[in-house]
Structure formats: C-alpha cells, structure tokens
Amino acid sequence: MPENPTPLPDFTRWPSFPFEGDMRVKQLAAPVEVEPARAGEDATDCVACSTPDDAYIWVSERWRVRAMDRPTGLPMVLILECRSHLDLGDLPNLLAAELGVMTVRLERAIRSLDGVARVHVNRWGDGSAHLHLWFLARPQGRLQLRGTFLTLWDDILPVIPEQQWRENLALVAAWLAEFGGKAIAEPPHIEWESPSTITFASDGENPEEAARPEQQPPEAPRPDAPQPDRPHDQSVTIAGESGAADTPHSQTATHP
Ligand SMILES: [Zn+2]
C-alpha cells in the first residue's frame, strides 16, 4: 500500500456504483509514446467489413445493427455500424446525417421494448477502428442502474432468458425494417414446435437447447465500455433508409 493513497473519487459513493468494500485507486501507468493500432485499423483485416449480413439483426444499404452473440444482463445491447470502413470523424455529410436519424430510430425501437426505461448511447472506439455505437437498455425501475455504470452492471446482472432476448431482437429488427432495410432477426420458433406437455429428451440433452437451431456458441465478448471495444461479434445489419417519419407504420413493438 502506498503511504498516501489517492482518495477514492465521489462516484464510488454513488448509489449506482456497483462495488463496495475496501478499494483503492490503481497506479496510473505512464503514457506510451505511440499508441498501438486498434483492431481493424486497416480495412483488409476489419472484422466488421468482413462479416456477412446474416450475422446482423438488421441491415440496410449503408447501415447495419448487430447484437451480442448471447444474452447479457441488460434487456438489450445493440451496436450500430456503418457499412463503410470509417470512423466517426471521417463520416461524409450524408452518413453523418443518417447517423443522427439511425441513432434516434434505434433508441426509440429499443425503448419500445417492455421493461426498458432508458437507452444509453455510447461511442468509445478505443478497441475497433470501424465506427460502432453502443445502445444499452436500462431496465425499468432499476434506479440503481442509472447513468455511468450501466455497462458494468451488464456484466453483473443475471443473464436475461434467451427466449426473451431473441423476441426482443426480432421486435427491434422489425421496427427498424418499417423504415427500410431488412430485418434479419426473427422471433424464436421454439414455442410452435414444442409439445404442450414437456417431455425431456433422453440422453440428458436439454430439449430447449436441442430445439434451438440458431443456438450460438457461448464465448461472445460482452459490452465492456471504456475498455478497448470488444472485437466484433456477429449479429446484425441495417437496411436502406426511407424518408418516412420515425414511427413505424405497423406496430411490431409496443411503444410506451
Ligand atoms: Zn471496417
């Protein structure tokens, strides 16, 4: 222990701070002369550029939306990407303007989900070079999750049920598709195939898992915020834009 430890900042006493107990501030590392390249700094080895549309939940001519490859603690975590290999400050005016439209649209789509009170929108860009904006849904009523530490809580909260997660993905994708582009995520079909009386598969296999063809491997990176952005995990795409007002014409998701 240093003799005069750095005092803990006020935020460690905020109700939203997820930790308690004895803590101390880390030693600040010396700045490096030259920062390392981010993942995909060169378009030729950019994961976003090489990921096909079917890994996304919605795609359009110039934008795509993807999810994590498995549910996490928050009701919804999505990433908005442009198709072009550009970072935020590099966007031409057309994409810059569309980014505003897409941000509002996606925020509204996620906020329309049951149990979502707020959608936090973040862009860090320290990990991957290709522009990607995070959209994190804050659960209704969870006042302790308000603000800065939502990304940390995502890793702390119990993981939401996969069925609910897939339904929410499909709702958001359908909402976006109301304005153009193509929804990739579909509602889970397992309910229709399940017998009314559950009989479990023999050989110890979890029948729910077995019936879920789109089950994904469990090693997805999770949304870790100011940390280097996680490598691109596969999921979503965004489709072409229309000039329509940002209210879907048909109700695919309930709106508060
Ligand atoms: Zn790229």
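Modeller: Two residues are in contact if their C-beta atoms, placed from the backbone, lie within 7 Å. Keep that in mind as we look at this predicted model.

Colleague: Happy to! Which residues is V172 in contact with, leaving aside its neighbours within four places in sequence?

Modeller: By that 7 Å cut-off, the partners of V172 are I57, M76, L78, A109 and I110.

Colleague: What makes V172 a buried residue of α4?

Modeller: A residue is called buried if 20 or more other C-beta atoms lie within 10 Å of its own. V172 is listed as buried, along with others in α4 including W165, L169 and L176, so V172 meets that cut-off. The buried residues of this helix pack against β1, β2, β3, α2 and β6.

Colleague: And what does α4 give to the largest nonpolar core?

Modeller: Nine residues, the most of any contributor. That core has 44 residues, and V172, A173 and L176 are among those with the most contacts inside it.

Colleague: How do you know that the span of α4 is close to the expected one?

Modeller: The helix has 16 residues, at 1.5 Å a residue. The expected span uses one less than the number of residues, which gives 22 Å, and the helix reaches 22 Å from its first C-alpha to its last.

Colleague: Lovely. Why do β1 and β6 count as paired?

Modeller: Pairing needs at least two bridges between the strands, and β1 and β6 have two, so they qualify. Their sense is antiparallel, and V59 stands opposite K182 in β6.

Colleague: What makes β6 an edge strand?

Modeller: In the open sheet, the order is β4-β5-β3-β2-β1-β6, and β6, like β4, pairs on one side only.

Definitions and conventions
Residues numbered from 1 in each chain as written. Predicted model: local features only at pLDDT ≥ 70, side-chain atom pairs only at ≥ 80, totals over all residues. Helix = DSSP H or I, 4+ residues; strand = E, 2+ residues; numbered from the N terminus. Buried ≥ 20, exposed ≤ 12 C-beta atoms within 10 Å, placed from the backbone. Core = buried A, V, L, I, M, F, W, Y, C linked by C-beta atoms within 7 Å.
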